[in-house]
Amino acid sequence: MDYQELSGATTSERDKAFALEFTNFVNGGMSSADQTGREMTRAHRYLQQQMFKVFIGFMRQLAYNYQKGRYDQHNEWASKLASEAYGHLVESELIYDPEFTNPKAE
C-alpha cells in the first residue's frame, strides 16, 4: 500500500525518489538514528524548519494509520507513539487538524 492509497493525495516523483533514497539509507547506510538526527540539526535554521515539517507529516501519517489499524508488529510502536504525540499536539492546539480524532479525548 503506498502513500497515495493511504491519504488520497498524489505524491511528486521527486518526493517518491527522496523517500526511496532515505529508506535505503536507513535500511543499510545509517550507523545511528541519534547521530543522524544530531547531524541534521547542523543544517541552516530555515532547512531545520522544513525538515521538521517533513517529520510532522510522517508522524501525522503514522498516527492516522494507527487509528485505522494500518500497522503490524513491525511498526506498532512507532505508529502508537506517533498517534499519542500527534494527538497531544492537536489537543494542545499546537497543530490544527479537525479530522484527527484523539481516542483519549473521546
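I take helices to be DSSP runs of H or I with at least four residues, numbered from the N terminus. The model I am reading is predicted.

**Entry 1: V26.** I looked up the helix that holds V26 and found α2, which covers residues 13-29. Next I asked whether V26 is buried or exposed, or in between. Its relative accessibility is 38%, so I record V26 as partly exposed, given that this class lies between 20% and 50%.

**Entry 2: the surface around V26.** I then asked which residues form a nonpolar patch with V26. I noted F18, F22 and F25 as its partners on the surface. Together, the four residues F18, F22, F25 and V26 have about 350 Å² of accessible area.

**Entry 3: S83.** I turned to S83 and placed this residue in helix α5, residues 76-91. I entered S83 as buried because its relative accessibility is 4%, and the class requires a value under 20%. Which residues does S83 contact, once neighbours within four places in sequence are set aside? I listed A63, Y66, Q67 and F100.

**Entry 4: the whole protein.** I counted five helices and zero strands, and I wrote the order along the sequence as α-α-α-α-α. The protein has 106 residues, and I found 20% of them buried. For the accessible surface of the protein I noted about 8600 Å²; carbon and sulfur atoms account for 54% of that area. Lastly, I examined contacts between residues at least 6 apart in sequence, and 35% of these join residues at least 24 apart.

Technical notes. Residues are numbered from 1 along each chain as its sequence is written. This is a predicted model: local features need pLDDT of at least 70, side-chain atom pairs count only at pLDDT 80 or more; totals for chains, interfaces and linings use all residues. Side-chain values use heavy atoms; hydrogens and water are left out. Helices (H or I, at least four residues) and strands (E, at least two) are DSSP runs, numbered from the N terminus. Buried means under 20% relative accessible area, exposed over 50%, partly exposed in between (1.4 Å probe, protein chains only). Contact means heavy atoms within 4.5 Å. Patches are made of residues with over 30% relative accessible area and no salt bridge: like charges are joined within 9 Å, nonpolar side chains (Val, Leu, Ile, Met, Phe, Trp, Tyr) within 5 Å. Accessible areas come from the Shrake-Rupley method with a 1.4 Å probe; for residues, only the protein chains shown count as cover. A salt bridge is a side-chain nitrogen of Lys or Arg within 4 Å of a carboxyl oxygen of Asp or Glu.
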